[in-house]
Amino acid sequence: MEVNKIISRKIISASVSGSMFAILLGLIVPNPFGGTISSIPNYLFEVVLTTPLYLMYSFPAILIYGVLTSVISDRVSQFISTKVKNGKSEIIFSGILHALFGLILLFYSLGASILFFITDRVLQRINIDYKPLQAIKSLAIPLTVWLIFMGIVYLEHILTGA
């Protein structure tokens with residue numbers, strides 16, 4: 001039963017952090033192909049255009065790889081902290097392991113793993129018994145983000161006639 005709560009919390013963390021990661025990456029790297037952005041409206045359109053793209057590629061990786069490595073990181077850090085006999089060291093070891101697992105794609109995945117770690121710790125601190133149905137419902141978060149951004153792209157194409 002405890003495993004279901006942990007996996008459910010991790011899936012919710014992936015849904016929230018994956019959506020935030022795509023939006024933040026869209027804001028930081030609005031044009032991944034290196035083109036020039038000449039104006040603020042052009043920048044905003046590039047952000048809106050690339051965010052669903054980032055979400056489509058990053059969210060499955062965050063959901064599968066992130067949840068798996070986060071569970072491993074937490075279990076290993078719990079084991080180490082009990083051996084060291086210092087309960088406060090668990091969060092430090094977990095953070096280090098999250099960062100190490102996040103280095104797979106260097107800075108992009110490192111940012112995603114840190115965001116995942118922070119989101120998971122916030123959800124853990126709230127201390128709610130997360131259920132599998134809540135985890136499944138949380139998958140609506142990235143879908144909603146994707147639909148909103150794609151809807152804005154669609155509206156922009158209708159309004160400009162492109």
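Modeller: In this predicted model, a helix axis is a line fitted to C-alpha atoms over the stretch in contact, and angles run from 0 to 180 degrees between N-to-C directions.

Colleague: At what angle do H1 and H4 pack, and is their arrangement roughly parallel, roughly antiparallel, roughly perpendicular or oblique?

Modeller: Helix H1 spans residues 2–28 and helix H4 spans residues 107–126; their axes lie 8 Å apart, at an angle of about 135 degrees. Angles over 145 degrees count as roughly antiparallel and those from 65 to 115 as roughly perpendicular. The angle therefore makes H1, relative to H4, oblique.

Colleague: Is the crossing of H1 and H4 left-handed or right-handed?

Modeller: The residues that meet include Ile12, Val16 and Phe21 in H1, and Leu115, Phe116 and Leu123 in H4. By class, the contact holds twelve nonpolar, five polar and three charged residues. The crossing of these helices is right-handed.

Colleague: Is Ser13 buried or exposed?

Modeller: Ser13 is located in helix H1 and is one of the residues there that meet H4. Its relative accessible area is 0%, and the limit for a buried residue is under 20%. Ser13 is therefore buried.

Colleague: With which side chain does the side chain of Ser13 make a polar contact?

Modeller: Leaving aside residues up to four places away in sequence, Ser13 touches Gly18, Phe116, Thr119, Asp120 and Leu123. A polar contact is made by the side chain of Ser13 at 3.1 Å, and its partner is the side chain of Asp120.

Colleague: How far apart in space are Ser13 and Leu24?

Modeller: Both residues belong to the H1 side of the contact with H4. They are eleven residues apart in sequence, and their C-alpha to C-alpha separation is 16 Å.

Technical notes. Residues numbered from 1 in each chain as written. Predicted model: local features only at pLDDT ≥ 70, side-chain atom pairs only at ≥ 80, totals over all residues. Heavy atoms only, no water. Helix = DSSP H or I, 4+ residues; strand = E, 2+ residues; numbered from the N terminus. Parallel < 35°, antiparallel > 145°, perpendicular 65-115°, else oblique. Left-handed = near helix turned anticlockwise from the far one by under 90°. Contact = heavy atoms within 4.5 Å. Nonpolar A, V, L, I, M, F, W, Y, C, P; charged D, E, K, R; others polar. Buried < 20%, exposed > 50% of the residue type's maximum accessible area, 1.4 Å probe, protein only. Polar contact = N/O pair within 3.5 Å; in protein donor to acceptor, adjacent residues only side chain to side chain.
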